[in-house]
Amino acid sequence: SAMASYYSGFLGCEEPHFLESCSLCRKHLGLNSDIFMYRGDKAFCSKECREEQIESDEAKEKSWKISARSLRKKSSEAAKDSAAGKTVRTGTLVVA
């Protein structure tokens, strides 16, 4: 049927299973070898590869937080500058 050929075509193009090779160095993970997991969907051949990925992810997250904080600061400064640039005049006009 058309549905069966769709699924067989889809499965034929599928990427290798995440437990087949190390997510960092791509070393093949054998059936009897230890597998070190990280975040539930990344497999590694060694503690060292897993630690390297963790450190890389933490560095990225830190830079994203710094970038987000910097953007918030710039937008709040721009809002202050535009508010400070507006002059509001109040007073009383007396006509005789």
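A nonpolar surface patch is built from residues with over 30% relative accessible area and no salt bridge, their nonpolar side chains being joined within 5 Å. The model used in these exercises is predicted.

**Exercise 1. The surface patch**

Task: Find which residues make the nonpolar surface patch of about 290 Å². Then place Leu19 in the chain and test its exposure against the patch cut-off.

Solution.
- Step 1. Look for the members. They are Phe18, Leu19, Ile35 and Met37.
- Step 2. Locate Leu19. It sits in the loop that runs between helix H1 (2-12) and strand E1 (36-38).
- Step 3. Read its exposure. Leu19 has a relative accessible area of 34% and is partly exposed.
- Step 4. Compare with the cut-off. A patch residue needs over 30%, and Leu19 has 34%.

**Exercise 2. The fold in outline**

Task: State how many helices and strands the chain has, and in what pattern they follow along the sequence.

Solution.
- Step 1. Count the elements. There are two helices and two strands.
- Step 2. Walk along the sequence. The pattern reads α-β-β-α.
- Step 3. Add the contacts. Take those with a separation of 6 or more: 14% of them join residues 24 or more positions apart.
- Step 4. Add the surface. The chain exposes about 8400 Å², and carbon and sulfur atoms hold 56% of that area.
- Step 5. Add the burial. Among the 96 residues of the chain, 12% count as buried.

**Exercise 3. The nonpolar core**

Task: List the residues of the largest nonpolar core. Then say which elements each supply at least two of them.

Solution.
- Step 1. Start with a general idea. In soluble globular proteins, nonpolar side chains tend to be buried together.
- Step 2. List the members. The core has nine residues: Cys22, Leu29, Phe36, Tyr38, Ala43, Phe44, Cys45, Cys49 and Ile54.
- Step 3. Assign them to elements. E1, E2 and H2 each give at least two residues to this core.
- Step 4. Zoom in on Cys49. Setting aside neighbours within four places in sequence, Cys49 is in contact with Cys22, Leu24, Cys25 and Phe44.

**Exercise 4. Ser46, just before a helix**

Task: Decide whether Ser46 is buried or exposed, and find what its side chain reaches.

Solution.
- Step 1. Place the residue. Ser46 belongs to the loop between strand E2 (42-44) and helix H2 (47-85).
- Step 2. Apply the cut-off. Buried means under 20% relative accessible area. Ser46 has 16%, so it counts as buried.
- Step 3. Follow the side chain. It comes to 3.1 Å from the backbone nitrogen of Cys49.

**Exercise 5. The charged network**

Task: Trace the salt bridges of the structure and give how many there are.

Solution.
- Step 1. Recall the principle. Side chains of opposite charge can pair when their charged atoms come close.
- Step 2. Get the total. The structure has three salt bridges.
- Step 3. Take Asp57 with Arg39. Their side chains form a salt bridge at 3.9 Å, N to O. This pair links distant parts of the chain, 18 residues apart: Asp57 is in helix H2, Arg39 in the loop between E1 and E2.
- Step 4. Take Glu61 with Arg39. Here the salt bridge spans 2.6 Å, N to O. Glu61 lies in helix H2 and Arg39 in the loop between E1 and E2, so the pair ties together parts 22 residues apart in sequence.
- Step 5. Take Asp57 with Lys42. The closest N and O atoms are 3.7 Å apart. Asp57 in helix H2 and Lys42 in strand E2 are 15 residues apart, and the pair links distant parts of the chain.
- Step 6. Join the pairs. Arg39, Lys42, Asp57 and Glu61 form a network of salt bridges.
- Step 7. Check the exposure of each member. Asp57 is buried at 8%. Lys42 is partly exposed at 24%. Glu61 is partly exposed at 28%. Arg39 is exposed at 52%.

**Exercise 6. Positive phi**

Task: For Arg26, give the value that phi is near. Do likewise for Arg39.

Solution.
- Step 1. Know the background. Most residues other than glycine have a negative phi.
- Step 2. Read Arg26. Its phi is near 70°, a positive value.
- Step 3. Place Arg26. It is in the loop between H1 and E1, and it is exposed at 58%.
- Step 4. Read Arg39. Its phi is near 60°, also positive.
- Step 5. Place Arg39. It is in the loop between E1 and E2, with a relative accessible area of 52%, so it counts as exposed.

Terms used. Residues numbered from 1 in each chain as written. Predicted model: local features only at pLDDT ≥ 70, side-chain atom pairs only at ≥ 80, totals over all residues. Heavy atoms only, no water. Patch = residues over 30% accessible without salt bridge, like charges linked within 9 Å, V, L, I, M, F, W, Y side chains within 5 Å. Areas by Shrake-Rupley, 256 points an atom, 1.4 Å probe, with all protein chains shown as cover. Salt bridge = Lys/Arg side-chain N within 4 Å of Asp/Glu carboxyl O. Helix = DSSP H or I, 4+ residues; strand = E, 2+ residues; numbered from the N terminus. Buried < 20%, exposed > 50% of the residue type's maximum accessible area, 1.4 Å probe, protein only. Polar contact = N/O pair within 3.5 Å; in protein donor to acceptor, adjacent residues only side chain to side chain. Core = buried A, V, L, I, M, F, W, Y, C linked by side-chain atoms within 4.5 Å. Contact = heavy atoms within 4.5 Å.
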